[in-house]
Amino acid sequence: MTRATERVLFTTFTRNLALDISQQLNGLCPREHRGRIEVVHLDQWVRELLTHLGVRGTVVYGDHEGREALWKRALSMAPVVERITPEFLRDEFEQVVLAQGVVDQAGYLAATRTGRGVALTRRERAQIWPVFEDYRAGLAREGWFEVADAMREARMRLAARPDWLPYRSVVVDEAQDLGEQALMLLRQVVPVGETGNDLFIVGDAHQRIYGHPVVLSKCGVQVRGRSRTLRINYRTTEEIRRWAVSLLVGQPVDDLDGGADDGRGYRSLMHGEAPVERRFASFDEDFEAIVAWLKELAGVATEGEAPEVVWKRACVVARSKWLVGRYVEAFEARGVKCFALDRQGDEARVPGVRVATMHRVKGLEFDWVWLAGVNEGVVPPQGVVRGVRDAQAQAEAWLKERSLVHVAATRARRELVVSCHGRPSVLLGE
């Protein structure tokens, strides 16, 4: 393969961020260079790779109905032990079996369980394994893959064909949300070469809203003596940064390689107004305040610029799709132009205020952000923490929720407003 045909794979965790990066590169790179940079979010790339390799199957996510039915059947085989709950078993499968690429009982008996919170004897592991085995067998019957299993399969296939792919280098953004199998796969895509510069990774554990902590060195990615911590924020103001960081004070944040990030020395170069927290009695009052805010923003329009064009630089962010839909309906009823961000990303040509979930704005940025509906029972949703009996899993759920609000808040470059209607989230109470 000649240098002229070598390519760069630029990948990240979410579809929207991959779309945004692709659009930015279109404006930055000469055409001949841009044509050699492939930008795609990792799940999509893995699905396409497996198809090219002749592997048939569908990757299933989240609360896929068929997946839930398979779990219900498998969990019926679980041992009757008070501390081994269905929630614990599903977390065990995700954080130990899937993460470490375990495929048989012997592998599970040997797997490390650091940080799982509940100790298991060798006998208990042997009693638990049939649950995982039955669930995996059900997936195989349906032709389905868990995401991590799809990545493990792709890695194993590539190991037998190391020179098959055209990539000279891989760039990975938002690496904190990638699991062990994803990072091991990316290491396999471009094995360590003589030229160096084969793998460039960017990540920030403060913004981990998916997955679990991963040690890069255990995935074959050696960063000791080669990594750098970027402590200067060029996007948002110091006041917004401090508000967002306050959500994580006292919380354990890792450095992506088994160490801790103490947060010292971080700062923003810009300054502005401190974030404002506003509390309302009802959704209607909250919404009217947002409309009044948008009218104020329209005052920054340049001559001949319509308000809805200015509003493209503003985003109203809510925790759930349901709440986003409610704000969109309210805007449309008032004749306020808006654009809901979905899996297809943003559309620069469409005017109007952007409306999105906290997850959807990951990787994006706006001049003005209003975090709306930060209510008790909404942030976090009741189902995220209630019913989770495993203390370790509950602590992780709370940390992810704090990180999610941190991510949403730091999408704001100039101004951040945070509101609730009814009882505020405990995160605001702090």
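This report walks through a nonpolar core, some paired strands, one helix and one buried residue.

Keep in mind as you look around that the model is predicted.

Let's begin inside. The largest nonpolar core has 36 residues, and those touching the most other members are Leu 42, Trp 45, Val 46, Val 170, Leu 185 and Val 189. At least two residues of this core come from each of α3 (42–52), α8 (147–159), β5 (167–172) and α9 (180–189). Try zooming in on Val 189. Setting aside residues up to four places away in sequence, Val 189 touches Trp 45, Leu 158, Leu 165, Tyr 167 and Val 170.

Next come the strands. Here β1 (residues 7–12) has these two partners:

| Strand paired with β1 | Sense | Bridges | A bridge pair |
|---|---|---|---|
| β5 | parallel | five | Arg 7 with Tyr 167 |
| β2 (residues 37–41) | parallel | five | Leu 9 with Glu 38 |

Tyr 167 is a nice link back to the core, as this bridge partner of Arg 7 is also touched by Val 189.

Now for helix α11, residues 283–297. Its 15 residues at 1.5 Å a residue should span 21 Å, and the end C-alpha atoms are indeed 21 Å apart, so the two values agree. Among the buried residues of α11 are Phe 283, Phe 287, Ile 290, Trp 293 and Leu 297, and Asp 286 is buried too.

Another aspartate to find is Asp 149, in helix α8. Is Asp 149 buried or exposed? Its relative accessible area is 5%, which is under the 20% cut-off, so Asp 149 counts as buried. Beyond its neighbours within four places in sequence, Asp 149 contacts Leu 98 and Arg 136.

Terms used. Residues numbered from 1 in each chain as written. Predicted model: local features only at pLDDT ≥ 70, side-chain atom pairs only at ≥ 80, totals over all residues. Heavy atoms only, no water. Core = buried A, V, L, I, M, F, W, Y, C linked by side-chain atoms within 4.5 Å. Buried < 20%, exposed > 50% of the residue type's maximum accessible area, 1.4 Å probe, protein only. Helix = DSSP H or I, 4+ residues; strand = E, 2+ residues; numbered from the N terminus. Contact = heavy atoms within 4.5 Å. Expected span 1.5 Å × (residues − 1). Pairing = 2+ DSSP bridges.
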